[in-house]
Each structure stands twice: as C-alpha cells, then as structure tokens.
Amino acid sequence: MGHPDENIHPIATGRAAETVAQHQDPQDLVFWAGWFCPFVQRVWITLEEKKIPYQYKEVNPYKKEKHFLDINPKGLVPAIEYKGRALYESLILCEFLEDAYPDHTPHLLPKDPFERAYVRLWIDHVSKSIIPAFHRTIQAQEPKKQQAELQEFYKALRTISEKAKGPYFLGEQFTLVDAVIAPWAVRDYIAREHRGYTREAVGGGWKEWAEQLEKRESVIKTSSLLEHYEPIYGRYLRDEAQSEVAKAIRSGKGSSVI
Ligand SMILES: N[C@@H](CCC(=O)N[C@@H](CS)C(=O)NCC(=O)O)C(=O)O
C-alpha cells in the first residue's frame with residue numbers, strides 16, 4: 001500500500017480499540033501494528049485465535065521513525081519483537097506464531113504434510129493473485145480498465161472460493177488461509193462502494209465464505225469502524241483521471257486551464 005492521506009485516523013476504533021486496550025501490559029511478544037493495515041490484521045487474527053499474550057504497540061509506518069526501522073529495516077507493519085529479537089512479514093509472522101506457541105490451540109496449519117502444503121498453496125494464491133487484483137481494481141481510473149481489473153479480481157476470488165469447503169476454507173477448521181484472506185473480506189466494501197463490485201458476482205461461494213469470515217470473533221475483535229478504512233484508499237480511489245483538470249489535460253488543454 002502506498003502513502004495514505006494525511007487525514008488517516010491515528011488509532012484503532014470500535015472493537016479493535018477494546019482489544020488494543022486489553023493488550024497494553026508488557027509481554028515476551030511485542031506486536032508492532034498499524035490498526036488499518038490488512039497485513040497486520042492477519043497476524044492480529046492469529047494472535048487472537050491462539051490467545052497468545054502480546055503487547056500491542058501502534059506505529060505509523062509511513063513516518064519511518066528510527067526506532068521502528070531498527071525493528072524492521074523495511075519500515076513496514078506488521079513486525080514483532082519476541083524476547084527482544086525482531087521479525088517481520090505477515091505470513092512469516094503467522095507461521096512463527098504457530099511454531100513458537102505449539103501448545104496454543106487452535107492450530108492454524110494442519111498437521112498432515114499434504115494439507116499443510118495445500119494451505120500454503122492457497123495462501124500463495126491470495127498473495128499473488130487476489131491482493132494485486134484488488135489493488136489494481138481500486139487504483140484503476142478509466143472505467144474500462146476498472147471493469148477489466150474487477151473481472152480479474154472476481155476470477156481470482158472465484159478460483160479460491162470454488163475450493164472452499166465451507167464454512168471455512170478447509171471445512172470446520174479455521175486455518176491460515178482464512179486468517180490471511182479475512183482482512184480483504186472486511187475491506188471489500190471499498191470495491192463495492194467505488195467500483196461496482198458485489199460478492200454475488202464473484203460466484204463460487206465467496207459470499208457465504210466472506211460472511212463466515214466477517215462473523216469470526218477474532219476478525220471482529222481486530223476490526224475498526226468501517227468508515228475509517230476508506231480514507232486509506234482515498235488516493236487510489238479519487239477519480240482524478242475523470243476530473244475536469246484530468247479531462248483537460250487529456251484533451252490537450254491541460255497547461256492552460258490548471
Ligand atoms: N509484505 C508485507 C506488507 C506490509 C505492508 O505493506 N504494510 C503497509 C501498511 S498496510 C506499510 O507498512 N506501509 C508503509 C510504507 O509503505 O511505507 C507483509 O506482508 O507484512
């Protein structure tokens with residue numbers, strides 16, 4: 001995600017704010033988070049699912065403050081400090097939590113090696129197909145391009161949804177596939193409000209799956225009030241290419257009217 005607008009809300013709201021308040025005491029694990037970030041929410045869901053003790057610390061990753069760059073040289077949230085040592089990258093963090101807290105259930109990765117690899121295969125699809133298509137859909141300005149990208153987003157979601165057994169990806173068990181895609185079920189309303197996306201149009205059972213994900217306690221507890229997510233996408237959503245100025249530029253009159 002790029003640099004959000006200045007009017008981005010500084011801290012978590014709604015149920016996520018309650019969760020933050022409950023996780024202020026020092027712990028072995030410090031969770032460096034940005035309340036708004038979908039990659040953060042995956043790790044947060046994992047922490048909540050497994051009831052791992054953690055101390056929540058809010059950081060604005062766009063400020064690139066030195067203390068945070070010492071933790072994650074990339075300057076991105078999420079990051080963690082575990083007994084004083086730092087790690088980052090959301091998928092790696094989710095797997096680390098599985099490995100470092102083996103007694104904490106539920107296990108989000110199946111025991112069976114095939115099933116484990118299968119979960120990772122579909123997480124890879126989320127990373128490589130679904131998230132890029134979501135961002136291209138949001139960022140596209142030309143209506144034709146928006147439509148084309150939206151179709152790609154639908155296709156990527158349909159492909160995985162057709163494999164979902166219900167209520168969750170592997171059936172009754174909530175796994176990492178569910179945890180990593182859930183933040184986009186929370187945020188897909190942005191595409192609905194601005195790009196004509198509907199869950200029904202995805203097909204393949206996405207609507208039912210997304211509704212299950214939204215209802216999951218760990219997802220609810222890590223979600224802020226919906227209206228605060230929108231400004232984060234504002235820069236992409238602002239249809240500048242359709243503004244009068246943009247139209248003027250396109251028609252060759254640009255420099256004289258700006
Ligand atoms: N691949 C990273 C992506 C994390 C990411 O992009 N985080 C965003 C916020 S949602 C960030 O920290 N952005 C700061 C920046 O781009 O400078 C992960 O999975 O953890």
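## A walk from the strands to the ligand

Let us begin with one pair of residues: Tyr-82 stands opposite Arg-85 in β4. Keep in mind, as you look, that this model is predicted. Two strands meet here, β3 with residues 79-82 and β4 with residues 85-88; they run antiparallel and are joined by four bridges. Another pair to find is Ile-80, which has Leu-87 of β4 opposite it.

How many residues lie between β3 and β4 in their hairpin? There are two, and Lys-83 in this turn has a positive phi of about 50°.

Now look for another partner of β3. Strand β1, which covers residues 29-33, is also joined to β3 by four bridges, and these two strands run antiparallel. To see one of the pairings, find Val-30 and follow it across to Glu-81, its bridge partner in β3. With β4 and β1 both paired to it, β3 is a handy landmark for the rest of the tour.

Next, turn to the ligand. The space that it takes is the largest pocket. Around the ligand you can find 13 residues, and the closest are Cys-37, Lys-64, Val-77, Glu-89 and Ser-90. What classes of residue make up this shell? Ten are nonpolar, one is polar and two are charged.

Some of these neighbours also place polar atoms beside the ligand. Val-77 does so with its backbone: one of its polar backbone atoms is 2.9 Å from a nitrogen atom of the ligand. Glu-89 uses its side chain, where an N or O atom is 2.8 Å from a ligand nitrogen. Ser-90 also uses its side chain, with an N or O atom 2.6 Å from an oxygen atom of the ligand. On its own, the ligand has 510 Å² of accessible area, and the protein covers 84% of this.

Lys-64, one of the closest residues to the ligand, deserves a second look. This residue lies in the loop between β2 (55-58) and α3 (66-69). Lys-64 has a positive phi of about 50°, although it is not a glycine.

Finally, let us visit two loops between helices. Which residue is joined to Pro-106 by a cis peptide bond? The partner is Thr-105, and omega for this bond is about 0°. You will find Pro-106 in the loop between α4 (90-100) and α5 (113-139). Further along the chain, a cis peptide bond joins Gly-166 and Pro-167, with omega of about -5°. Pro-167 is in the loop that lies between α6 (143-161) and α7 (176-187).

Note on methods. Residues are numbered from 1 along each chain as its sequence is written. This is a predicted model: local features need pLDDT of at least 70, side-chain atom pairs count only at pLDDT 80 or more; totals for chains, interfaces and linings use all residues. Side-chain values use heavy atoms; hydrogens and water are left out. A residue is near a molecule or strand if one of its heavy atoms lies within 4 Å of it. A polar contact is a pair of N or O atoms within 3.5 Å; within protein, one must be able to donate a hydrogen and the other to accept it, and residues adjacent in sequence count only if both atoms are side-chain atoms. Accessible areas come from the Shrake-Rupley method with a 1.4 Å probe; for residues, only the protein chains shown count as cover. On a 1 Å grid over the protein atoms alone, a cavity is a set of points where a 1.4 Å probe fits but cannot get out, and a pocket is an open set with protein on both sides within 12 Å along at least five of seven lines; lining residues have an atom within 4 Å of a point. A molecule sits in a cavity or pocket if more than half of its atoms lie within 2 Å of its grid points. Ala, Val, Leu, Ile, Met, Phe, Trp, Tyr, Cys and Pro count as nonpolar, Asp, Glu, Lys and Arg as charged, and the others, Gly among them, as polar. Two strands pair if DSSP finds at least two bridges between them.
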